[in-house]
Amino acid sequence: MSDPQPVYLSDYQPPAYQVTHTELTFDLDPAATRVKARLLIERNENVDAQTPLVLNGEQLSLVSLAIDGTPLAEADYQLDEDSLRIMQVPATFSLESEVDIAPGANTALEGLYQSSGMYCTQCEAEGFRRITFYPDRPDVMATFTVTVIGDQNNEPVLLANGNPVDSGTLENGRHFVKWEDPHPKPCYLFALVAGDLHKVEDHFSTMSGRDVTLQIWVEKENLDKTEHAMASLKRSMVWDEQTYGREYDLDLFMIVAVNDFNMGAMENKGLNIFNSAAVLTHPNTATDATFQNVEGIVAHEYFHNWSGNRVTCRDWFQLSLKEGFTVFRDQCFSADTNSAPVKRIQDVSFFRTAQFAEDAGPTAHPVRPDHYIEITNFYTLTIYEKGAEVVRMLCNLVGWENFRQGADAYFERFDGQAVTIEDFVGCMEEASGQTLDQFMRWYAQAGTPEIDAHGEYDYVHSEYRLTLRQRTPATPGQTEKQPLHIPVRMGLVGTKSGQDLTLTMAGEVLGKDAVIHLRDNEQTFVFTDVAEAPVPSLLRDFSAPVKLYFPYSREELAFLLTHDSDGFNRWDAGQRLAMLALDDLIAAHRNGVEKVMDGRVTEAFRTLLTSSVSDKAVLAEMLTLPSEAYIAEQQPIVDVDAIHAAREFVRQSLALALRDEFVATFEANRSEEAYAPTSEQIAQRSLKNIALSYLMSIEDEQAIAFCQAQFAADHNMTDVRYALTLLVHSERDDVSSPALKAFGEKWAHDSLVMDQWFTIQVTRPQPDVLERVEFLMQHPAFSIKNPNKVRALVGAFTQNRVNFHRLDGKGYALLADVVIELNRLNPEIAARLVTPLTRWQRFDEARQALMHAQLERIKKEPLSSNVYEVVEKALA
Ligand code: B3K
Ligand code: ZN
């Protein structure tokens, strides 16, 4: 077997043939589903008549093949493992094919497969080629007519994209439904679902007064878990009309929940398919975080109807065209719907931890990659989240009015087309009159830019000189980096007044909050008429996805923590202050020196807890210390034990010093009110629970009693899960075990709750966790074939830093075992799961060797292209 080869963006060629209409008939059967396809095909202009027709096809068993009704002889075509080549075709013709596929044996969850007995599909990016022979590329867009035939008892519900146009009964207890989708679409947006499903139905009246039927299809026992998704869907529809002027375009919009799904959800035209974890909620089974996640994902998939479906990507290198833009849209929706500052803090906090790590590792790639082996490996934080940051910068650069005008032009001009990132940015250039050539480098250059900043106040001339220097570290395959256009939003906070000072540059008054543009490697910005010595507040609201270094003193950070007018930077000042203290403690731990708590952090926390920060959600974020993963990102060599010890020391010191304040905060925010996922309630619960977590870090009797009471009160899953986690993570087995057992017994029937039960126990800091993972992998509620279970148990374990990185290497070996098994069953999930091992270069020599050895062991296996690509990069 030869090694898989990369595909290059520079090799892009338009398709030689277009499919104008696609007719499919599925006769469902787990072992042999017969798929009949009739494709109306046209040769494109200027294509040589001798050009063969090449179709993709994998794992299909060909039954028959005909052109315009005439069967093809074997000599007329070539069939190999992944393609079908027909040597001679007319300029316009219909291609009829019949193939058999085996959805019951499909564990990769790509193409047509079965989940809990029902049939469903996942075609993005290249799954359609496992359904029928087809030009499986997004720049081939066709209208679809689909007939689904199934068993009346097992599959009473038969769904596909668009509108149902016919149905009826057939012989042998079979029946059919015929669907028509009038909007031309690429085949990655095709979907089919069949099974014993039940629906919740609602209606939406669009801005032009059309009635749209909304349906959420679930297994019967989940009918009471759909309310929040439905409400979120309706809010998304209103938001897209009001914010982007975009209306839904079919009479029916369906969401289906399936239990086995590789990702969160999929935006198939008119028939979104969701991982059940990303759509089902109930106050008793889902946490606040899940409620918010569901709202965001429902919105994201709905927004794709325009940013992705009506206007799609020319090729998969343009993936961020739809994903970055749509993440930006869903982030804005959630910010408008809930608390904007908290949404930004949470997004950036996650981004700086996870995307920065990706961008600094062996799989770093640009927002628009220029080559890939397996596109499935590129559904990454860089494509999604960094892509969204780039669109956000673009929006801020041109201003919302121009951005909206550019978006209107984009949707109108390219409706029904498959386009590129240049087409999108071009619309923004046109709308704003700005040239964005340098800005385009954000799409091409991988790695996180770093800005070194320093400032000087000149008392004599009342000037503040701010010097910014940028550099982007080399990334694999990209050693030379060019300067980027980095918008830095900033203010100067007067040290006497505590107020933002007016910014004047070259005689121009910019206001109290302004954006300066760093375009060169180094630039000095001179602010005049600065009446008092300022502390600069830089990169407000995280105005660019960069690392910004400024030599702040702890006093200056404490000052910004209370005085910065930018809520995001107030939070960030707190994080920076905590990081300085943590750095000292990590060093102390490593050197075996006694750890001493920095009193300035304690005082800052006291001020936060006692002054009335009005937004409780923001306060909860400010009281949250940087995560171990984030702290690790800041260290040259990651010392997992020192990081854990330092962070625990800070938590305990704060709890001891501010015990009364935490108790008061906890008690003041308890509530008997009926659960609702409102911003107010969520904020209050977060604040109460963060206080509780500090109290539990010292595990005194009162803290344990608080936790036990909250657990026993069983008021809602957010509070139950929080209390349970603290109890299970406690040192005391008499506290930990009974709660865990009670919860496991109570929720044995609920798969999504059992996922939480897995996660809670394998994220304990105590050293017995690895054995517990091995034990739980044999638990009846676990299945290696279900991605949610794998993530909840094995994925969660790899985030348990002290245990996964044990020095005997058993954590790494366990992960490698699972990756090797999943490589055969589900390559997409295997390739994602292996990520922590690919970061081996970040650790000490002993761990490096252990991780490297496991990667080598994986590499000896016959690998899927997915795992091959990741492991190959990690070992390069
Ligand atoms: N577009 C899908 C991605 C599915 C790809 C899986 N290989 C989800 C989303 O971004 O909405
Ligand atoms: Zn998406």
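Ala, Val, Leu, Ile, Met, Phe, Trp, Tyr, Cys and Pro are counted here as nonpolar, Asp, Glu, Lys and Arg as charged, and the remaining residues, Gly among them, as polar.

**View 1. The residue shell around ligand 1 in the predicted model.** By class, this shell comprises six charged, five nonpolar and three polar residues. Of the 14 residues around ligand 1, those that come nearest are E124, E267, E301, E323 and Y384. Strand β20 (265-266) and helices α2 (288-303) and α3 (319-337) each contribute at least two residues to the shell.

**View 2. Polar side-chain atoms facing nitrogen atoms of ligand 1.** A polar atom in the side chain of E124 is 2.6 Å from a nitrogen atom of the ligand. For E828, a polar side-chain atom lies 3.2 Å from a nitrogen atom of ligand 1. An N or O atom in the side chain of K322 is 3.4 Å from a ligand nitrogen atom. Taken alone, ligand 1 exposes 340 Å², of which the protein buries 97%.

**View 3. The hairpin of strands β17 and β18.** Strand β17 (residues 198-205) pairs with β18 in the antiparallel sense over eight bridges. Within this pairing, H198 stands opposite V218 in β18. Five residues lie between the two strands, and G209 in the turn has a positive phi of about 90°.

**View 4. Strand β18 and its parallel partner β19.** Seven of the eight residues of β18 (residues 211-218) are buried, so this strand is largely enclosed by the rest of the structure. Five bridges join β18 to β19 (residues 252-258) in a parallel arrangement, and I216 stands opposite I255 in β19. From β18 the chain passes through helix α1 (residues 227-244) to β19, forming a left-handed β-α-β crossover.

Terms used: Residues are numbered from 1 along each chain as its sequence is written. Chains are lettered from A and ligands numbered from 1 in the order in which they are written. This is a predicted model: local features need pLDDT of at least 70, side-chain atom pairs count only at pLDDT 80 or more; totals for chains, interfaces and linings use all residues. Side-chain values use heavy atoms; hydrogens and water are left out. Buried means under 20% relative accessible area, exposed over 50%, partly exposed in between (1.4 Å probe, protein chains only). Helices (H or I, at least four residues) and strands (E, at least two) are DSSP runs, numbered from the N terminus. Two strands pair if DSSP finds at least two bridges between them. A crossover is right-handed if, with the strands pointing away from the viewer, the path from the first strand over the helix to the second runs clockwise. A residue is near a molecule or strand if one of its heavy atoms lies within 4 Å of it. A polar contact is a pair of N or O atoms within 3.5 Å; within protein, one must be able to donate a hydrogen and the other to accept it, and residues adjacent in sequence count only if both atoms are side-chain atoms. Accessible areas come from the Shrake-Rupley method with a 1.4 Å probe; for residues, only the protein chains shown count as cover.
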